[in-house]
Amino acid sequence: MAVNFRCAVQALVLLGCVIILSNVLCPVGAYLYNNRYAGDQVFRITPSNKEEVQVLKKLLGNIKVDLWQPNSASLIRHKATVDVHVRRNDTRGLRTRLQKEHIDFKVYISNLQKEIENQTGHRSSRKRRSESQYDYEVYHSLEEIQSWMFEMNRTHPHLVDMFSIGRSYEGRPLYILQLGKRTRSYKKAVWIDCGVHAREWIGPAFCQWFVKEALHSYQYDSVMRRLMNQLNFYIMPVFNVDGYHFSWTTDRFWRKTRSKNAKYHCRGVDANRNWKVKWCEEGASSQPCDDTYCGPFPESEPEVKAVAKFLRKHKKRVKAYISIHAYAQMLLYPYSYKYATIPNFNCVESAAHNAVTALYSAYGVRYRYGPASTTLYVSSGSSMDWAYRNGIPYAFAFELRDTGYFGFLLPEALINPTCTETMRAVKTISSGLLKKCETGMHELDRERYPYL
């Protein structure tokens with residue numbers, strides 16, 4: 001596979017934008033979703049009591065909206081903010097009703113199309129860099145990311161091994177980069193996946209950043225060198241390859257996979273509700289048109305099934321599972337599906353505290369941390385809970401920047417600081433695996449959790 005990072009190596013990516021080996025990136029702006037978001041707005045609404053919550057749910061149920069935070073109307077709570085993408089034909093009506101009901105709101109994004117163009121539209125004038133100057137401070141298409149993965153594999157043969165663990169619903173390969181010095185037959189391992197939800201572009205950007213930093217700092221950073229020598233890292237830059245591709249070509253705010261449903265016209269499953277752990281219970285939907293649709297059965301999605309199979313096969317080695325999401329500025333750990341304390345709470349809580357402290361040291365950005373069910377909301381069928389229940393003692397989900405001002409449209413200018421601070425957190429979690437956590441170990445249920 002030739003690695004040239006030219007947009008449109010495959011014609012299907014561009015929806016008619018033809019590029020023939022030019023030195024200019026085919027711009028996202030050349031096919032900016034057919035201007036479909038012009039006039040759309042993002043509201044931040046804050047219901048102050050339970051009565052306002054019920055009114056808001058009814059209002060949002062009467063119009064077609066795209067909930068950003070939380071991702072389901074059932075999760076709307078009083079005194080908690082609700083970020084919602086509203087189509088241009090509904091903005092005036094919603095504003096009028098909110099004012100009439102005296103429900104507090106602000107318009108965070110007044111023209112969504114313009115904000116999308118601000119995020120990526122400058123690409124039409126940016127000159128292409130050579131492969132050795134791959135730009136980690138811009139968002140990249142699936143094809144560019146996969147070409148970059150081949151290049152990393154080619155240029156770092158002693159530290160990188162690239163392989164596929166299967167294919168997506170639409171037939172795309174599911175590539176993994178294994179990082180680490182080949183020094184022994186058995187090494188502990190860390191799994192990191194990004195891009196589970198297609199519209200969260202900062203996720204794949206971080207996975208690429210992590211690989212870049214790990215490889216480039218190996219020679220001079222003693223901490224990174226120790227991690228690479230004593231651990232293996234399995235990096236999946238784009239988990240939901242079909243959805244991510246679709247978010248570049250057709251719908252910027254697509255979340256789910258792209259699988260078809262025999263009975264409904266709606267496509268896709270929430271890849272973070274499709275795991276076999278309390279599947280399709282609270283926080284997941286059985287309705288195929290919902291963003292949190294759990295799927296027809298656990299591991300129905302080939303992407304989920306492939307990763308679950310890989311982690312089952314390597315569960316004796318994988319000691320930490322890290323999934324990168326956005327947005328909320330949080331570091332979450334189990335449980336998501338219930339209000340309960342995990343057996344090794346003290347060790348995991350300490351790891352999370354150390355991680356957010358390291359993250360804060362970069363730019364002073366504060367992250368909340370704690371069990372997902374109480375820190376964010378209850379959700380069933382998540383990959384983090386599945387990883388923990390299947391023997392991986394340290395399972396985390398990051399919700400990266402920001403807290404809603406940009407939402408899923410985090411500007412490229414913030415890729416560097418966001419990834420730099422997250423890198424510190426992930427290195428801290430990984431370094432903790434090389435130490436033995438004694439605090440709270442006597443509390444563990446050895447019979448039920450023998451792997452801890």
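Colleague: Which residue stands opposite K188 in strand 8?

Modeller: L231 does. Bear in mind that this is a predicted model.

Colleague: What makes strand 7 and strand 8 a pair?

Modeller: Two strands pair if DSSP finds at least two bridges between them. Strand 7 (residues 188–194) and strand 8 (residues 231–236) are joined by 6 bridges, so the pairing criterion of at least two is met. The two strands run parallel.

Colleague: Which sheet holds them, and in what order do its strands lie?

Modeller: An open sheet of 8 strands, in the order 5-6-8-7-9-12-10-11. The pairing within this sheet is mixed.

Colleague: Why are strand 5 and strand 11 called edge strands?

Modeller: Strand 5 (160–167) and strand 11 (368–371) each pair on one side only. From one strand to the next, the twist averages 20 degrees.

Colleague: How do you know that the span of helix 12 agrees with the expected value?

Modeller: The expected span is 1.5 Å times one less than the number of residues. For the 18 residues of helix 12 (residues 415–432) that should give 26 Å, and the end C-alpha atoms are 26 Å apart, so the two agree.

Colleague: What makes helix 12 largely enclosed by the rest of the structure?

Modeller: Buried means under 20% relative accessible area. In helix 12, 13 of the 18 residues are buried, so the helix is largely enclosed.

Colleague: What percentage of the chain's residues count as buried?

Modeller: Of its 452 residues, 59% do. The chain exposes about 19,200 Å², with carbon and sulfur atoms supplying 48% of that area. Its secondary structure comes to 12 helices and 12 strands.

How values were computed:
Residues are numbered from 1 along each chain as its sequence is written. This is a predicted model: local features need pLDDT of at least 70, side-chain atom pairs count only at pLDDT 80 or more; totals for chains, interfaces and linings use all residues. Side-chain values use heavy atoms; hydrogens and water are left out. Helices (H or I, at least four residues) and strands (E, at least two) are DSSP runs, numbered from the N terminus. Axes are lines fitted to C-alpha atoms, for helices over the stretch in contact, and angles run from 0 to 180 degrees between N-to-C directions. Buried means under 20% relative accessible area, exposed over 50%, partly exposed in between (1.4 Å probe, protein chains only). Accessible areas come from the Shrake-Rupley method with a 1.4 Å probe; for residues, only the protein chains shown count as cover.
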